[in-house]
Amino acid sequence: MEIKIYPDPILLENCKDVVNIDEGLVSTAKEMINIMRSVDGIGLAAPQVGILQRFFVCIDFANENREDSLVLINPKITEMEGRTESKEGCLSIPGFYEYVYRYEKIQIDALDLDGNEVIYHPDGLQSVVFQHENDHLDGILFPERMSQIKKDIFMKKINKEFK
Ligand code: QAP
Ligand code: CO
């Protein structure tokens, strides 16, 4: 399993709903958690490792020592409130960070690895990580969440770096 780097076209694909939460998915999710942690990431979505299915893993910021990870399957943002600017990076665009616009608070409905429905009401970093990873499932990278003028400058920089 390897992290796909921009401009890999797989990062722009729309992912399909997970239909079966089977052993394969569980072991894939665990491998993604290991990769995320090995590179000091805080979130990793399935398309970033070449899997076009709607799930992602991320750090559980509610856990003080950050030892726990979350797996969100078929997530849907069902409520959003407020606006915030968050400085983001992406494991698929290594070395580049910029401020982007996000909702401040969201409600996100998903399934966990046991197939149970879960509902989160995150704020702060947890909220923006969920939004960032959820975007990956729609083929959206974080520069899409910048103002046009900032995005133009940012895209020039990364297109120079990743040819
Ligand atoms: C998404 O991204 C995120 O460039 C997760 O050299 C990030 O884990 C959402 C990383 C920030 C909100 C705020 C990036 C590691 C990790 C790099 C990541 C790098 C090494 C990115
Ligand atoms: Co990312």
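Visitor: What makes the pair formed by ligand 1 and the backbone of Ile-42 a polar contact?

Guide: In this predicted model, an oxygen atom of ligand 1 lies 2.7 Å from a polar backbone atom of Ile-42. The cut-off for a pair of N or O atoms is 3.5 Å, so the pair counts as a polar contact.

Visitor: Which atoms of Gly-95 and Tyr-97 lie by an oxygen atom of ligand 1?

Guide: For Gly-95 it is a backbone N or O atom, at 2.7 Å. For Tyr-97 it is an N or O atom of the side chain, at 3.0 Å. Both values are within 3.5 Å, so these pairs too are polar contacts.

Visitor: How much of ligand 1 does the protein bury?

Guide: Ligand 1 taken alone exposes 500 Å², and 83% of that is buried by the protein. The space that ligand 1 takes is the largest pocket.

Visitor: How many residues surround ligand 1, and of what kinds are they?

Guide: There are 17, with Gly-41, Ile-42, Pro-94, Gly-95 and Tyr-97 the closest. The shell divides into 9 nonpolar, 5 polar and 3 charged residues. Strand 3 (69-88) and helix 2 (124-137) each supply at least two residues of it, and helix 2 gives the most, with 4.

Visitor: What makes Cys-90, His-132 and His-136 donors of the cobalt ion (ligand 2)?

Guide: SG of Cys-90, NE2 of His-132 and NE2 of His-136 lie 2.0 to 2.3 Å from the cobalt ion. The cut-off for N, O and S atoms is 2.8 Å, so these atoms qualify as donors. In sequence the donor residues are spaced C-x41-H-x3-H.

Visitor: Why is the pair Cys-90 and His-132 said to tie parts together?

Guide: Cys-90 lies in the loop between strand 3 and strand 4 (98-111), whereas His-132 lies in helix 2, so the pair joins parts 42 residues apart in sequence.

Visitor: What sets the peptide bond from Tyr-6 to Pro-7 and the phi of Asp-40 against the general pattern?

Guide: Most peptide bonds are trans, and most residues other than glycine have a negative phi. The bond from Tyr-6 to Pro-7 is cis, with omega near 5 degrees; Pro-7 is in the segment before helix 1 (23-38). Asp-40 has a positive phi, near 60 degrees, and lies in the loop between helix 1 and strand 1 (43-45).

Terms used. Residues numbered from 1 in each chain as written. Chains lettered and ligands numbered in written order. Predicted model: local features only at pLDDT ≥ 70, side-chain atom pairs only at ≥ 80, totals over all residues. Heavy atoms only, no water. Near = heavy atom within 4 Å. Polar contact = N/O pair within 3.5 Å; in protein donor to acceptor, adjacent residues only side chain to side chain. Areas by Shrake-Rupley, 256 points an atom, 1.4 Å probe, with all protein chains shown as cover. 1 Å grid on protein atoms, 1.4 Å probe; cavity = no way out; pocket = protein on both sides within 12 Å on 5 of 7 lines; lining within 4 Å. Sits in = over half its atoms within 2 Å of the grid points. Nonpolar A, V, L, I, M, F, W, Y, C, P; charged D, E, K, R; others polar. Donors = N, O, S within 2.8 Å, 3.2 Å for Na, K, Ca; no water.
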